[in-house]
Amino acid sequence: MSFPRQASINGWRRHLWATWWTAALIGAAYVAFDVWHLQLDAVDETTFRATWLYRWGGVGVWWLLLPPIMAWRRWLAFDRRAWWLILLGHLAAALAAGFVQFGFRTLLVLAANTLPFAFFAEVARDLWAGTDLAYSMLVYAAIVVPAYAMEFYLGWRAGQREAAELTLAKAELETRLVRANLDALKMQLHPHFLFNALNSITALIRRGDTVPAEDALAQLAELLRRALDHKQDQKLTLERELEFLDHYFAIERIRFQDRLQVSFEVAPECRVALLPSLLLQPLVENAMKHGFSRSATARALRLRAWREDDRLRLELFNEGPPLPAAPSSSPGGIGLRNTRARLEMLFGAAARLSLENVPGGVCADVTLPFQTAES
Amino acid sequence: MKLARLALLAALLLAVGAGFVRWHRAVPPRLPGELRIVHGPIRLSLDPRAPRDSASLSRRLIDALWEPLLVVDAQGEVQAAAAEAWTLSPDLRRVTLRLRDDLRWSNGEPVTAADFIRTIGWVERSGGGSALFRMLQTRTEGAPRAAVESLRVADERTLILNLPQATPGAIFAIAAARWAPLHATSLAVLESGSYRAHPERLITSGPFKLAEASRKTWRLVRDPQFRHADRPALESVRLVRTDGRTLYPSVIAAGLADVSDAADYLPVRLRPIEPPARFHVENTTGVSVLHFNTHKPPLDDPRVRRALSLALDRNTLAASLTAGGGLPAFACVPPVDGEEPVRTVEENVAEARRLLADAGYPDGRGLPVLRLPLLRSPASNPMAYYCAEQWRARLGLRVYVIPLSAAEIGARLARGEFDLMHYYWTLDRGDVSLLAFAPLADLPLAYQVSLSRDQAHALAAANGLRGEPRRAALVELERALMADAPCTPVVFYRRCYVLGPDIRGWKTDSVGEHPLAELSVADSRAP
């Protein structure tokens with residue numbers, strides 16, 4: 001059960017108070033009407049009893065009791081107390097309110113009949129014979145039940161709103177994923193990438209290295225298949241992501257030969273960790289494009305993964321030129337922004353992606369909650 | 001949106017209009033010699049066991065269908081009906097009633113004395129109580145309740161009631177109780193209520209017989225078997241039902257009815273009425289009375305009771321609280337219209353203070369708080385409430401008005417835990433002996449007014465008189481009964497009828513019977 005936001009609570013509380021005070025005004029109008037029809041000319045001098053106003057005291061006392069009853073109800077809110085405590089609390093309060101009202105009525109009858117206080121016990125006994133505490137409890141219930149009902153209703157409304165927002169977020173996430181898939185596909189199908197890959201494969205064929213050429217074609221085919229397969233999955237294990245990268249690097253190695261030295265340093269428990277699908281691909285692509293392609297001396301690309309408390313840390317280092325002064329203007333800016341957005345939507349503030357210059361190259365650092373399929 | 005609202009409004013107006021037209025069409029035109037009585041949303045019943053105000057419409061229907069032994073006329077005097085002669089023995093303990101020899105049931109069979117005996121036995125057996133027995137419970141010298149010792153048939157036309165004690169008001173009691181016979185076959189019909197579906201099964205003995213008793217309308221038609229050749233003047237009586245008494249003037253003005261059922265004075269007078277229709281306001285036998293507990297201090301002292309009685313301003317109470325629907329009551333017996341009201345109690349605040357001082361309570365000092373149990377809502381019973389206020393202001397005494405339920409008040413009465421008690425009596429008779437009738441007020445016996453033996457005989461003698469001598473004797477008796485102020489009257493009530501232009505034979509009737517057999521309409525066959 002989700003509960004309403006404070007602003008909503010304040011809103012309906014205002015409505016409730018307005019309703020009660022409207023009822024009070026109507027009651028006052030009724031009393032005024034009663035007073036208007038008083039037949040005071042039948043008595044020689046007007047007394048409190050002759051005005052009949054004391055009849056309304058028992059009703060009016062409920063308005064005096066209203067603030068403490070409402071405060072008590074707030075203290076016994078459903079999201080704060082156990083149900084039995086709420087039940088007992090209200091039962092006790094209803095009885096107490098009934099007794100307060102009864103005492104007040106007794107005092108009024110005492111005053112209306114100009115009786116000394118010594119008569120209190122007799123008047124109380126007389127009134128008690130006609131007093132039904134069930135009535136007081138009913139009035140008490142009429143005060144607190146609408147408040148609870150309103151709270152539940154607003155809670156339900158908030159839940160509905162939250163569900164709608166979640167649905168929207170999910171849709172947005174799926175859109176982003178599709179876009180990521182497309183981006184990834186675009187990366188792989190990028191004319192430059194394909195040109196390089198196909199050129200590399202052609203060179204292998206010309207050299208008569210048909211087996212490596214066949215392998216390269218198979219890697220390319222697998223890469224494209226996985227990119228397409230993954231597009232419906234929100235999260236994959238790191239193991240699967242690494243497999244995907246293996247296919248990617250296998251193609252890139254044809255081009256860069258031994259210069260590309262890729263290393264994975266992955267803690268064993270992190271292999272089953274879940275992460276958004278195709279999270280690493282844009283980062284790797286970025287590293288290849290802006291690191292390796294632009295520096296003839298760049299050689300190493302290192303991916304580290306480890307667990308840090310309840311977080312998964314991923315660090316992708318590549319040798320190469322430092323980041324430009326304005327990263328957003330770099331060719332890989334859109335891919336990175338997309339990845340950042342996906343992380344934020346999935347994990348909020350619990351996830352982070354940073355890109356910074358380090359000695360000898362650039363390091364992309366990703367932090368996200370550590371999750372596995374079991375958890 | 002605006003169009004939709006207009007359409008809705010039009011539909012509502014159409015529905016209301018259609019309803020009115022349907023109701024209007026549901027009221028058939030008046031048949032020759034037919035009297036139409038408009039009444040409110042009340043449940044009518046012919047069960048004679050249910051106690052009713054004599055002015056109630058059900059009671060009037062019963063009276064029209066079954067002729068009782070004796071009746072009380074509009075002046076409060078006993079008149080012959082099914083019985084042509086009656087006597088009360090000198091010891092006031094035996095009543096002999098001689099039936100007419102031409103009494104007939106509506107199926108032509110003769111009505112006999114045995115029919116009366118059977119009826120009273122049926123009423124007693126079915127636990128409905130008997131108005132006759134209740135009315136015979138006169139108290140004399142504080143004797144316990146008594147009813148009828150025995151009932152027997154002397155011959156086919158003679159009934160004899162033996163009473164366990166001297167009962168001066170016995171003849172009045174029989175007349176006021178409207179002791180009427182029921183046919184042997186009618187007992188089951190009345191018990192089952194099957195007369196509503198089969199009105200012809202109800203065998204009656206009165207001037208009318210039942211023709212229709214459906215949910216929508218009731219209709220009585222003249223019974224040709226009735227002993228009077230020229231009574232009733234009407235051919236039929238039809239009841240017209242409306243949703244409220246305030247509609248009576250409109251229904252009469254529209255010509256849909258000839259006369260209304262009885263209504264409280266005020267609600268009907270709130271609406272104007274066009275001549276020739278008119279209002280008829282008459283005194284009732286309803287009286288608001290405050291009883292004193294004469295068995296415990298301080299009201300066991302007659303001076304204190306008299307002081308309380310003297311200190312009330314009844315004119316102001318009647319004017320303020322009844323808005324013309326009531327009259328100040330200076331006696332317990334309501335006045336008959338046209339007569340000078342009787343005064344058996346007076347108002348004198350100075351004398352009241354003097355009496356209180358004599359009793360040891362100057363300016364009310366030292367007088368204990370008096371307890372007055374009253375129904376919870378003072379609005380439902382304002383008379384006693386305002387009397388308490390007047391006593392507080394004039395005599396300085398304090399009255400604790402105890403808000404209680406009717407059951408709780410009854411319990412306090414039984415235990416004697418009260419000083420003052422308010423009653424609203426609706427009497428069946430304009431007779432001072434009502435003060436000695438326990439059933440008229442549910443006051444426990446010990447707190448009631450009792451007749452002395454001499455007073456009982458004086459009452460019996462007064463009831464044997466007619467006109468002014470009777471009235472004077474009754475006034476004297478009431479004055480004697482009220483000398484020690486066992487109670488004090490406050491206000492008499494009035495009732496109202498709306499009369500159409502065609503109604504004939506309408507008379508003021510404080511008992512409210514307005515016998516249907518005595519009424520006629522402009523086109524009735526009899527003048």
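**Figure 1. Where chain A meets chain B.** The contact draws 24 residues from chain A and 28 residues from chain B. The model shown here is predicted. Between chain A and chain B, about 2300 Å² of area is buried. Carbon and sulfur atoms give 49% of that area. Three salt bridges are counted between chain A and chain B.

**Figure 2. A:Arg49 and B:Glu389, a charged pair across the two chains.** B:Glu389 and A:Arg49 form a salt bridge. Their closest N and O atoms are 2.4 Å apart. Side chains of opposite charge can pair when their charged atoms come close.

**Figure 3. B:Arg392 and the residues it touches.** B:Arg392 sits in helix α12 of chain B. Its relative accessible area is 18%, so B:Arg392 counts as buried, the limit being under 20%. Residues up to four places away in sequence are not counted in this view. With those set aside, B:Arg392 touches A:Glu45 and A:Thr47 from chain A, and B:Leu397 from chain B.

**Figure 4. Helix α12 and the largest nonpolar core.** This core has 71 residues. B:Leu308, B:Trp391, B:Val399 and B:Leu420 have the most contacts inside it. Helix α12 of chain B, residues 382–395, supplies the largest share of the core, with eight residues. In soluble globular proteins, nonpolar side chains tend to be buried together. Another core lies apart from this one and has 64 residues. Among them are B:Leu44, B:Leu163, B:Ala170 and B:Ala213.

**Figure 5. The surroundings of B:Leu308.** Neighbours within four places in sequence are left aside here. Beyond them, B:Leu308 is in contact with B:Phe292, B:Leu299 and B:Leu370. B:Leu308 is also in contact with B:Trp391, B:Leu395, B:Leu397 and B:Leu420. Two of these partners, B:Trp391 and B:Leu420, are named with B:Leu308 among the residues with the most contacts inside the largest core.

**Figure 6. B:Arg394 and B:Asp313, a salt bridge within chain B.** The side chains of B:Arg394 and B:Asp313 meet in a salt bridge, at 3.6 Å from N to O. The pair links distant parts of the chain, 81 residues apart. B:Arg394 is in helix α12 of chain B. B:Asp313 is in the loop between α9 (302–310) and α10 (314–322) of chain B. B:Arg394 is buried, at 14% relative accessibility. B:Asp313 is buried too, with a relative accessible area of 16%.

**Figure 7. A salt-bridge network in chain A.** Salt bridges that share partners join A:Glu308, A:Arg311, A:Arg313 and A:Asp365 into one network. A:Arg311 and A:Glu308 meet through their side chains, at 3.2 Å from N to O. A:Arg311 is partly exposed, with a relative accessible area of 32%. A:Glu308 is partly exposed as well, at 26%. A:Arg313 forms a salt bridge with A:Asp365, and the closest N and O atoms are 2.9 Å apart. A:Arg313 lies in strand β5 (residues 311–319) and A:Asp365 in strand β7 (residues 361–369), so this pair ties together parts of chain A that are 52 residues apart in sequence. A:Arg313 is buried, with a relative accessible area of 13%. A:Asp365 is also buried, at 9%. Over all chains, the count comes to 35 salt bridges.

**Figure 8. A nonpolar patch on the surface of chain A.** The patch is formed by A:Trp83, A:Trp84, A:Leu87, A:Leu88, A:Leu91, A:Leu95, A:Phe99 and A:Trp128. Together they have about 900 Å² of accessible area. Helix α3 of chain A, residues 83–112, gives the most to the patch, with seven residues. One of the patch residues in helix α3 is A:Leu88.

**Figure 9. B:Arg494 and its contacts.** B:Arg494 is in strand β18 of chain B, residues 487–499. B:Arg494 is partly exposed, with a relative accessible area of 26%. Leaving aside neighbours within four places in sequence, B:Arg494 is in contact with B:Tyr265, B:Val281, B:Glu282, B:Asn283 and B:Thr284. Its contacts also include B:Gly324, B:Gly325, B:Gly326 and B:Leu327. B:Ala263 is 231 residues away along the chain, and its C-alpha atom is separated from that of B:Arg494 by 9.2 Å.

**Figure 10. Chain B as the setting for these views.** Chain B has 15 helices and 20 strands. Of its 527 residues, 56% count as buried. The accessible surface of chain B comes to about 21300 Å², and 54% of this belongs to carbon and sulfur atoms. Among contacts in chain B with a separation of 6 or more, 71% are between residues 24 or more positions apart.

Definitions and conventions:
Residues are numbered from 1 along each chain as its sequence is written. Chains are lettered from A and ligands numbered from 1 in the order in which they are written. This is a predicted model: local features need pLDDT of at least 70, side-chain atom pairs count only at pLDDT 80 or more; totals for chains, interfaces and linings use all residues. Side-chain values use heavy atoms; hydrogens and water are left out. Patches are made of residues with over 30% relative accessible area and no salt bridge: like charges are joined within 9 Å, nonpolar side chains (Val, Leu, Ile, Met, Phe, Trp, Tyr) within 5 Å. Accessible areas come from the Shrake-Rupley method with a 1.4 Å probe; for residues, only the protein chains shown count as cover. A salt bridge is a side-chain nitrogen of Lys or Arg within 4 Å of a carboxyl oxygen of Asp or Glu. Helices (H or I, at least four residues) and strands (E, at least two) are DSSP runs, numbered from the N terminus. A nonpolar core is a set of buried Ala, Val, Leu, Ile, Met, Phe, Trp, Tyr and Cys residues joined through side-chain atoms within 4.5 Å. Buried means under 20% relative accessible area, exposed over 50%, partly exposed in between (1.4 Å probe, protein chains only). Contact means heavy atoms within 4.5 Å. Buried area is the accessible area (1.4 Å probe) that two parts lose on being put together, summed over both.
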